[in-house]
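Hi,

Here's the structure I promised to pass on. Have a look at it first, then read my notes below.

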Amino acid sequence: MTQRSAIVPHGMEFIRDEIGYAPGVLSGNTLYIAGQIGRDSKRQLVEEKRQQFIQCFENMKAVLHTAKMDFADVVEITSYHTDMRDLPLYMEVRNLYFAGCLPAWTAIGAASLCGTAGYFLEVKAIAAKSS
């Protein structure tokens, strides 16, 4: 049986404790990262669109680092967008975090995210560490 463990970066404990899920789950050498949104360490929505996109990736980075991984380990991303016209901005921000081999990517349009107005992006990912 593969060992599983919750990955909860410092500052994201409220996600586990209040909302009831893990920001990431490590199963063997594979990390499943739950959808990351543009909420900062004070649990506030980052309102400016580009900064909100950056915050999504910064939150993802925190999950990766807690699992002792980095963006080079990410093999797949799924992004959810309230406006598909934001794809060029998304790709610009994504490319700040990925060098070399890009992960597989699926982009999905969504009417709303997080049940609250103002969220433009949610990004989930799978990362795999070589043994």
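The thing to find first is an open sheet of 6 strands with mixed pairing, in the order E1-E2-E3-E6-E4-E5. Strands (E, at least two residues) and helices (H or I, at least four) are DSSP runs, numbered from the N terminus, and two strands pair if DSSP finds at least two bridges between them. At the edges sit strand E1 (4-7) and strand E5 (104-109), each pairing on one side only. On average, neighbouring strands here are turned by 15 degrees against each other, direction ignored.

Before I go on: this is a predicted model, where local features need pLDDT of at least 70 and side-chain atom pairs count only at pLDDT 80 or more, while totals for chains, interfaces and linings use all residues. Residues are numbered from 1 along each chain as its sequence is written, and side-chain values use heavy atoms, with hydrogens and water left out.

Back to the strands: E2 pairs with strand E3 (residues 30-37) in the antiparallel sense, over 4 bridges. One to look up is Val-25, whose bridge partner in E3 is Tyr-32.

Helix H2 (residues 49-66) packs on the sheet and touches E1, E2, E3, strand E4 (74-81) and strand E6 (121-128). Contact means heavy atoms within 4.5 Å. The direction of H2 makes about 150 degrees with that of E3; axes are lines fitted to C-alpha atoms (for helices, over the stretch in contact), and angles run from 0 to 180 degrees between N-to-C directions.

And where is Ala-22? In the loop between helix H1 (13-19) and strand E2 (24-27).

Cheers
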